[in-house]
Amino acid sequence: IWQEIGIPSIEGKAHLRVILYRLEKDSPPLIVNLGSGKYRKIDNEKRVMDWQNADPDKWLPILLPFDLHKYAKIFPKSIIVVTGSKNEGKTSFLLETLKLNAGGCLPVDLYNSETGPEQLKERLTPLNFPNPAPFNAYERYANFADVIEPDHLSIIDYLDFNSEVYLVGTEIDNIFRKLTTGVAIVGLQKPPPSITYIKGVKKVIDRDLAYGGGFSAKRAVLYISLSSHKLKLVHVKTPMSPKVKPDNMQWTYTFDDTGYFDKIQRYYGED
């Protein structure tokens with residue numbers, strides 16, 4: 001503030017501190033002291049939630065590969081996270097989801113940071129979309145909350161933070177806050193499996209969560225992880241049936257000649 005409005009003298013700076021102190025101690029207070037000479041304005045906005053007139057049966061019939069929609073209810077204003085190791089089908093999952101929902105219950109937007117238009121067309125051609133396609137495709141790399149439509153199904157392939165993976169939770173939270181009746185499906189990269197040897201026996205260790213760890217999962221109503229040709233339901237916030245607990249369910253898969261899923265089977269662990 002000294003620099004912005006020009007307060008060079010010791011007396012002027014002391015007077016400013018008095019003013020800020022009074023704003024902080026007003027009733028009601030107008031600012032919050034964040035320490036180290038930083039303040040923010042009090043945010044008094046709060047939206048009334050009419051929960052008594054809400055309809056719990058008003059979930060969205062969004063379709064997912066592997067028939068995962070049979071295990072999870074997806075309500076308006078939801079985040080779905082799809083994370084995968086490199087070349088394990090993350091993009092295939094997102095594009096098959098695009099195919100299943102284009103022309104469905106919500107307008108669909110694809111935000112692509114993986115390819116140029118020629119390679120995207122090559123990936124989408126096996127899915128046999130009409131021309132014009134029943135969805136919008138955009139090139140986008142960051143700050144997705146600035147551009148997504150709050151009432152659409154937004155498919156983001158993918159969210160990449162390079163070395164700043166600690167920001168993933170903030171970006172997903174910003175997307176969540178932007179949503180009203182829409183849903184965002186966010187693709188994330190996860191580390192490849194690590195290999196260790198226990199008493200001479202080779203052991204492959206897969207990590208369920210994306211780069212950013214738990215920060216990537218805190219807003220997700222459905223968290224899907226792909227690695228070593230296995231898909232895992234890491235977390236399902238609202239199961240379709242209260243009698244079925246889908247957390248940790250797994251499926252195996254291969255890829256066909258076009259790069260999409262083939263030979264999908266439930267997986268119950270090693271024999």
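Val204 sits in strand S9, which covers residues 201-205, and it is a good place to start a tour of this predicted model. With a relative accessibility of 44%, Val204 counts as partly exposed. Together with Ile195 and Tyr197, Val204 makes a nonpolar surface patch of about 330 Å². From that patch, the points below move to the cores, the rings, helix H5 and the charged pairs.

**Nonpolar cores**

- In soluble globular proteins, nonpolar side chains tend to be buried together.
- Here the largest nonpolar core has 38 residues, and Leu222 and Ile224 have the most contacts inside it.
- Apart from that core lies another one of 21 residues, which includes Val81, Tyr111, Ile148 and Phe176.
- If neighbours within four places in sequence are left aside, Leu222 is in contact with Leu64, Ala72, Ile74, Ile79, Ile80, Val81, Leu233, His235 and Val236.

**Aromatic rings**

- The structure holds 10 aromatic pairs.
- One of them joins Tyr111 and Phe144: the ring centres are 6.2 Å apart and the planes are at 75 degrees, so this pair is edge-to-face.
- Tyr111 belongs to strand S4 (residues 108-112), while Phe144 is in the loop between strand S5 (136-139) and strand S6 (153-159), so the pair ties together parts that are 33 residues apart in sequence.
- Tyr111 and Phe144 are both buried.
- Elsewhere, ring pairs link Phe66, Phe93, Tyr253, Phe255 and Phe261 into a cluster.

**Two helices to look at**

- Helix H3 spans residues 90-101 and contains Thr91.
- Thr91 has a relative accessibility of 12%, so it counts as buried.
- Not counting residues up to four places away in sequence, Thr91 touches Glu114, Arg123 and Asp157.
- Helix H5 runs over residues 168-178, and its buried residues include Val168, Gly169, Glu171, Ile172, Asp173, Ile175 and Phe176.
- Strand S3 (78-84), S6 and strand S7 (183-189) are among the elements that cover the buried residues of H5.

**Salt bridges**

- There are 5 salt bridges in the count.
- Within helix H5, the side chains of Asp173 and Arg177 meet in one of them, at 2.6 Å from N to O.
- These two residues, Asp173 and Arg177, are 4 residues apart, about one turn of the helix.
- An α-helix has 3.6 residues a turn, so residues three or four places apart point the same way.
- Which of the two partners is buried, and which is exposed? Asp173 counts as buried because its relative accessibility is 11%, under the 20% cut-off, whereas Arg177 is exposed at 56%.
- Asp173 also forms a salt bridge with Arg219, and the closest N and O atoms are 2.6 Å apart.
- That second pair links distant parts of the chain, with Arg219 in the loop between S9 and strand S10 (220-227) and Asp173 in helix H5, 46 residues apart.
- Arg219 is partly exposed, with a relative accessible area of 29%.
- Lys232 and Asp208 meet through their side chains in a further salt bridge (3.0 Å, N to O).
- This pair too links distant parts of the chain: Lys232 is in strand S11 (residues 230-236) and Asp208 in the loop between S9 and S10, 24 residues apart.
- Lys232 is buried, with a relative accessible area of 17%, and Asp208 is partly exposed, with 25%.
- Through shared partners, salt bridges join Asp173, Arg177 and Arg219 into one network.

Note on methods:
Residues are numbered from 1 along each chain as its sequence is written. This is a predicted model: local features need pLDDT of at least 70, side-chain atom pairs count only at pLDDT 80 or more; totals for chains, interfaces and linings use all residues. Side-chain values use heavy atoms; hydrogens and water are left out. Patches are made of residues with over 30% relative accessible area and no salt bridge: like charges are joined within 9 Å, nonpolar side chains (Val, Leu, Ile, Met, Phe, Trp, Tyr) within 5 Å. Accessible areas come from the Shrake-Rupley method with a 1.4 Å probe; for residues, only the protein chains shown count as cover. A salt bridge is a side-chain nitrogen of Lys or Arg within 4 Å of a carboxyl oxygen of Asp or Glu. Buried means under 20% relative accessible area, exposed over 50%, partly exposed in between (1.4 Å probe, protein chains only). A nonpolar core is a set of buried Ala, Val, Leu, Ile, Met, Phe, Trp, Tyr and Cys residues joined through side-chain atoms within 4.5 Å. Contact means heavy atoms within 4.5 Å. Rings of Phe, Tyr and Trp (its six-membered ring) pair if their centres lie within 6.5 Å; planes under 30 degrees apart count as stacked, over 60 as edge-to-face and the rest as tilted.
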